[in-house]
Amino acid sequence: AAEQAERPAPARRAARRSFDFSTLPAHKQMRMQRAAAEMMGIEPPFFRVQEGYAAQTCVIEGRELLNFSSYNYLGLNGHPHVRAAAKAAIDRYGVSVSASRVVAGERDLHRRLEQALARFLGVEDAAAFVSGHATNVTAIGTLLGPRDLALVDALAHNSIYEGARLSGATRITFPHNDFAWVDDFLTRRRGDFERVLIAVEGLYSMDGDAPDLPAFVEVKSRHDAWLMVDEAHALGVLGATGRGIAEAQGVDPASVEIWMGTLSKTLSSCGGYIAGSAALVDLLKATAPGFVYSVGLAAPLTAAALAALEVLEAEPERVARLQRNGARLLERARAAGLDTGLSQGFAVTPVIVGDSARAAILSDMVRRRGVNALPITFPAVPEKQARLRFFVSADHAPEQIDRAVEITAAALPEALARPLIAG
Ligand code: PMP
């Protein structure tokens with residue numbers, strides 16, 4: 001204290017400023033974005049409170065909107081069996097399992113969910129984690145080390161990049177879906193690394209397209225690499241019975257080393273999983289910090305995911321309905337002249353606008369006209385690729401899809417023409 005008292009006043013002020021989070025460059029950028037939104041006269045699209053259950057419609061500020069912003073792909077978040085299972089689990093186990101599973105948090109529900117997932121996916125075993133994002137971070141962070149290489153698709157999710165960064169492995173981003181690039185790179189450089197992980201998604205979350213999985217399997221086999229497929233948006237979406245890209249493209253699930261998925265989309269819960277060989281699952285459950293040092297998945301969330309998986313298995317017609325709806329949205333959007341980028345018409349279709357500001361304006365305009373479709377802006381996508389992203393649900397009526405496309409197509413030219421500074 002005596003030392004501090006002797007310090008000259010300007011130094012003390014400088015020291016205090018360094019503790020002020022608002023001086024961080026990221027904070028400044030955030031403030032600039034908010035000021036820009038205000039100048040454009042649009043209400044910020046983020047953190048808007050939705051009232052009640054967000055399904056094919058949602059309620060914001062008392063108004064019912066057509067909802068295309070929730071990844072409740074098969075409508076299972078509202079399914080009576082799923083809700084009842086979550087409530088029953090609370091009555092039986094309480095809300096939290098109150099410890100890491102390694103120590104005192106293990107409940108029979110955890111293994112039931114993991115075994116059901118493994119059986120559904122056609123692999124030996126699965127491990128459930130408390131967050132989808134953390135699943136990628138901790139699994140990749142555990143499996144790779146500094147002598148290894150992570151080859152990550154340019155459009156892969158942030159959590160895959162974060163896991164690769166944590167691992168200390170060399171990280172290379174490859175052009176989207178370009179298995180020939182990966183093949184060429186490994187032909188030249190495979191010898192420089194001990195282990196190699198190639199990471200792709202079953203269905204890309206921002207673009208709605210799928211990779212050529214047989215081609216990636218062929219490349220990884222030839223170069224003795226591991227292949228990881230993030231099925232966050234593919235489970236319950238791709239394949240005749242919703243088993244994902246392996247089913248859709250006729251690939252033996254055992255030919256992919258690491259299947260990753262989330263419990264938060266089709267399975268209407270929260271959390272993630274890794275599925276694959278028993279050795280992989282054993283290893284992660286014993287060593288992945290995000291599993292070992294984190295609380296076990298909450299009882300109602302485990303029960304909800306298990307119940308949702310049961311409904312998915314029992315009612316594959318939901319998958320067919322989702323696929324019809326996805327194809328309809330893409331077809332109508334293209335017919336209306338919208339730029340749907342790479343979308344293949346599954347559950348995710350972007351409408352590419354251009355600048356982040358224009359995407360935010362379009363989202364604001366369509367919301368005022370009754371459609372909830374959120375903008376995806378820089379840095380989540382490149383600045384000139386800002387877009388509205390539409391998530392389709394099995395529960396959307398065809399007319400709701402048509403209406404949403406009509407409203408968006410009508411608003412787009414206005415959003416592009418509107419002066420950026422509100423008058
Ligand atoms: N992987 C992908 C491809 C995702 O899109 C997401 C999130 N939407 C995650 C992982 C993380 O999952 P969660 O939101 O369940 O944490």
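**Stop 1: the two domains**

Colour the protein chain by domain. Domain 1 takes residues 25-71 plus 317-417, and domain 2 takes residues 79-314. Remember as you go that this is a predicted model. Put a marker at the C-alpha centre of each domain; the two centres lie 27 Å apart.

Now select the contacts between the domains. On one side are 16 residues of domain 1, and on the other 14 residues of domain 2. Stay with the domain 1 side. Helix H15 (317-335) and strand S11 (348-354) each supply at least two residues there. Which element gives the most to this side of domain 1? Select S11: with three residues, S11 gives the most. Colour the side of domain 1 that touches domain 2 by residue class. Eleven of its residues are nonpolar, four are polar and one is charged.

**Stop 2: the whole chain**

Zoom out and show the cartoon. The protein chain has 17 helices and 14 strands. Its radius of gyration is 23 Å, close to the 22 Å that the globule rule gives for 423 residues, so the chain is as compact as a globular protein of that length. Along the principal axes, the C-alpha trace spans about 75 × 65 × 55 Å.

Colour by burial next. Buried residues account for 50% of the 423 residues in the protein chain. Then draw the contacts with a separation of 6 or more. Of these, 71% are between residues 24 or more positions apart.

**Stop 3: a four-stranded sheet**

Select strands S1, S2, S3 and S12. They form an open sheet in the order S1-S2-S3-S12, with mixed pairing. Which strands lie at the edges? Strand S1 (50-51) and strand S12 (371-372) do, each pairing on one side only.

Move to S2 and S3. Strand S2 (residues 57-60) pairs with strand S3 (residues 63-67) in the antiparallel sense, over four bridges. For one pair to label, take Thr57: its bridge partner in S3 is Leu66.

**Stop 4: strand S9 and its neighbours**

Jump to strand S9, residues 258-262. Is S9 mostly covered or mostly open? It is mostly covered, with five of its five residues buried. Show the side chains and look along the strand. Ile258, Met260 and Thr262 point one way, while Trp259 and Gly261 point the other way; all are buried.

Add strand S8 (residues 226-230). S8 and S9 run parallel and are joined by three bridges. Label Met228, which stands opposite Ile258 in S9.

Then add strand S10 (residues 272-276). S9 and S10 run antiparallel, joined by five bridges. Here, Trp259 has Ala275 in S10 as its bridge partner.

**Stop 5: helix H12**

Select helix H12, residues 278-287, and show Leu280, Val281 and Leu284, which are buried. Turn the view to look down the axis of H12. The buried residues fall within an arc of 95°, so they line one face of the helix.

Which residues are exposed on the other side of H12? Pick out Ala278, Ala279, Ala286 and Thr287.

To finish, show what the buried residues of H12 pack against. The partners are strand S4 (125-129), helix H7 (132-143), S9, S10 and helix H13 (289-292). Two of these, S9 and S10, are the antiparallel strands of the previous stop.

Methods. Residues are numbered from 1 along each chain as its sequence is written. This is a predicted model: local features need pLDDT of at least 70, side-chain atom pairs count only at pLDDT 80 or more; totals for chains, interfaces and linings use all residues. Two strands pair if DSSP finds at least two bridges between them. Domain bounds come from an automatic or database domain assignment. Two residues are in contact if their C-beta atoms, placed from the backbone, lie within 7 Å. Ala, Val, Leu, Ile, Met, Phe, Trp, Tyr, Cys and Pro count as nonpolar, Asp, Glu, Lys and Arg as charged, and the others, Gly among them, as polar. The radius of gyration is taken over C-alpha atoms; the globule rule is 2.2 Å times the number of residues to the power 0.38. A residue is buried if 20 or more other C-beta atoms lie within 10 Å of its own, exposed if 12 or fewer, and partly exposed in between; C-beta atoms are placed from the backbone. The arc is that of the directions from the helix axis to the C-beta atoms.
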